[in-house]
Each structure stands twice: as C-alpha cells, then as structure tokens.
Amino acid sequence: MSHSRRSVLKRGAGLLAAGAATSLAGCSGAEDGGSAGFDGGYAAFFTLSDWANVVVGDRASFENPVEVGRLGHGWTPDGNLAAEVASTDAFVYLDNPEFAWAQDLAATLEADYDSVAVVDALADVEDDLLDWDHSHEGGGDEGGRDDENQDARQYDPHVWVDPRFAATMVETIATGLGEADPDNAEAYADNAAAYAEQLDAVDAAFESIAADADRDVAVIAGHNSFQYLEARYGFRLHSPVGVSPQNEPSQSEIADTIELVNASGIDTILYDRFEATTLAETIVENSDATEMTAVTPAGGTTEEWNDAGYGYLEQMTEINVPAFERAFDAQ
C-alpha cells in the first residue's frame, strides 16, 4: 500500500473556532503535558474510534462521543466535549465539512493545544474523494466537477465504506498516533498492517459479489452512502433519495423506483439501518419485491451491535456483504 508519507500529525497553525475556544478557556493545564505516557483520546465517530482502538491495542484507548444510534455527520456535541478532548493526548477526525463540529474542534486544538495530536484520517485519500452527486441515480460517477468552482465542491465523506480506502485510513491513523507516541510507533504500524489483512477479506467478498451478481442494479430506499463501493466494484445502486440525507423523494421518483423494481425483477430492497423504514416498506408494498434488508453506512453503531461486539469489520461482513449478495442476487 503506498500513499503520501507527509505528516498527518497536525500541530501549530489553524483558525481558532470561537465556540470551542470558550469551552477550552479553563483547560490550560492540557499544555503542561499531563501524564508522561500516551493514554489515547477521542475519535470523531464510531468507525474512527474503532480503528484507533485497533491501532493502539491495549496501550491506550479512544472514545467515541457520538451517541449509540447516531451518525457523526449532522451531529452536534455538547459544550463540554472540547474541554474533554483538550485534556487528552489525541483527536482523530475527518477534515470534511460534513463533520464541521470536528473541523472546528481540530482547528482549536491545533491553534491552542499543541500537546494534543490531531490526526486527519482523510489525509492520504483526499485526492480520491468523490463529489456529492445529487442526481438520484448511482454508479460512481464523478461528474459535475467545475474547475472554476473548486472551493464550492462538496465531497462525499463516506470513503470509509470502501475497504481498500479503509486500509489506507487505518495506516494514516497509525502513522499519526505513532508520531505522537514514538515509543509505540512500530506496534501501531504492525496492528494497522494486521487489520489491513482482514480488510482484504472484505474487499474479496465485494469482488465476489460483483463477479457473481445476476442483477446489474439494486435499490436502496434511503440516501445512498455507498457510491465508493459503486465506483470500486462496478455496483449500480438506484435511490429515489440520492446521496444527500437532506433530500426527500417525490412521488414521481418513488413511482419510477417501483417501476424499476418490477422491470428488473428486484426482490430485495435495501434500507439504511440508521434511517426510517417507511420508504422501503412503501416500495415493497407497491411492487413485486418481497423483502427489505438493512445495510449500514458503518458510521455509527446500535445497542444490538454493541452487545454483539460488532466493530467496523463485523458491520461490513455480517450486515453489508450478505445484504448486497441478496440485493444483487449473488448468493
């Protein structure tokens, strides 16, 4: 696996986030060093905390501030989180506007708390990010790019659903945490490499689905968080909603989806486990489809999955792989 070796441990320059600065005002002790050891810190949402804990093993620990059942984007932390993060050793996040709260917190830490390692897990995949494609048909298309409006471009942050990009992101986290904790850098790199081998199995499973699929299209009744899988494996996902969770499907878009289901002989309708099932139920009730199956964008967790000990790998292998097999008739 090759990628830029530029430092992902950001220290120094950054814009002070005004809201978080107030919360941090009473935490100047964080700059005094605290514990001599590296104890861990926070990661911006479930998947990043899972990966950070895989990387550090039993040498440290990372917390996920986002409540069970919620996703990290579109989430707002309470007023105490900034102070809590500033008192730890590291913050792992994605430098993407969909996680604006984390961007603001990272900027504050970079500006005022250089004892906290700030690791951007997107640093080595940022050139591979796909634009938000607000059409309602998937396919991994990166169209709509306007070179005159680079700053206005919006990128789909769900890059972590692609297991190959996930491996790069885990290595990026290991590199950043290794810079913060040099005594354990080799162990972190070894843990990341071992995890990458497990991600290879997820990659192989999706490759098999693409190769064995009897159907070239599937329907997801919710916003499409999987365009990175479409681009990687050639899947085609149709959504009456599109990629943005702010979109609401029109009656004509729902009718078009039902027509596609019937014309393509689609039996299984996918739905996002973190969204309501109403749209999926409507499509099943009004089409020839007979069942609906949950998928996960792997950006959060549930009480059930916590009880089962599911991390990112389990969500992909126990939820998404079987669901895609059914949806594309690749069983």
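## A parallel sheet and its surroundings

The side chain of Q315 reaches the backbone oxygen of G300, with 2.8 Å between them. That is a good place to enter this structure, which is a predicted model. Q315 belongs to helix α11, residues 312-327, and it has a relative accessible area of 0%, so it is buried. Beyond its neighbours within four places in sequence, Q315 is in contact with F46, T296, A298, G300, T301, W305, Y310 and N320.

**The sheet**

Let's move on to the strands. In what order do the 4 strands of the open sheet lie? The order is β7-β6-β8-β9, and the pairing is parallel. The edges are formed by β7 (237-238) and β9, each of which pairs on one side only. As general background, strands of a sheet pair through backbone hydrogen bonds, either parallel or antiparallel.

The table walks across the sheet, one strand pair per row.

| Strand pair | Bridges | Direction |
|---|---|---|
| β6 and β7 | 2 bridges | parallel |
| β6 and β8 | 2 bridges | parallel |
| β8 and β9 | 5 bridges | parallel |

Individual residues help to trace these pairings by eye. V219 stands opposite H238 in β7, and V219 also stands opposite I269 in β8. One step further across the sheet, Y271 has A294 in β9 as its bridge partner. Between β8 and β9 the chain passes through helix α9 (residues 278-285), and this β-α-β crossover is right-handed.

Strand β8, residues 268-272, is mostly covered, with 5 of its 5 residues buried. How are its residues divided between the two faces? T268, L270 and D272 lie on one side, I269 and Y271 on the other, and all of them are buried. The general pattern behind such a division is that side chains in a regular strand alternate between the two faces of the sheet.

Over in β9 (residues 291-295), V295 is a helpful residue to inspect. Is V295 buried or exposed? Its relative accessibility is 0%, so V295 counts as buried. The C-alpha atoms of V295 and L270 are 6.5 Å apart in space, while the two residues are 25 apart in sequence. Leaving aside neighbours within four places in sequence, the contacts of V295 include L270, Y271 and D272, residues that are among the buried ones of β8. V295 is also in contact with I220, F226, R273, I319, N320, A323 and F324. N320 turns up again among the contacts of Q315.

**Helix α5**

Helix α5 covers residues 163-180, which makes 18 residues. From its first C-alpha to its last it reaches 26 Å, close to the 26 Å expected at 1.5 Å a residue. The helix is mostly covered, since 14 of its 18 residues are buried. What caps its N-terminal end? D162 does, with a side-chain oxygen 2.8 Å from the backbone nitrogen of R164.

**Aromatic pairs**

The structure holds 16 aromatic pairs. One of them joins F99 and W160, edge-to-face, with 6.3 Å centre to centre and 65° between the planes. This pair links distant parts of the chain: F99 sits in the loop between β4 (90-93) and α4 (100-112), whereas W160 sits in the loop between β5 (117-120) and α5, 61 residues apart. F99 and W160 are both buried.

Another pair brings us back to α5. The ring centres of F165 and Y228 are 6.3 Å apart and their planes meet at 85°, so this pair is edge-to-face. It too links distant parts of the chain, with F165 in helix α5 and Y228 in helix α7 (residues 227-233), 63 residues apart. Both F165 and Y228 are buried.

There is also a cluster, in which ring pairs link F206, F226, Y233, F235, F324 and F328. Two members of this cluster may sound familiar: F226 and F324 are listed among the contacts of V295. Following V295 from its place in β9 to F226 and F324 is therefore a handy route from the sheet to the aromatic cluster.

Definitions and conventions
Residues numbered from 1 in each chain as written. Predicted model: local features only at pLDDT ≥ 70, side-chain atom pairs only at ≥ 80, totals over all residues. Heavy atoms only, no water. Buried < 20%, exposed > 50% of the residue type's maximum accessible area, 1.4 Å probe, protein only. Contact = heavy atoms within 4.5 Å. Polar contact = N/O pair within 3.5 Å; in protein donor to acceptor, adjacent residues only side chain to side chain. Expected span 1.5 Å × (residues − 1). Pairing = 2+ DSSP bridges. Right-handed = clockwise from strand over helix to strand, strands pointing away. Phe/Tyr/Trp six-rings, centres within 6.5 Å; stacked < 30°, edge-to-face > 60°.
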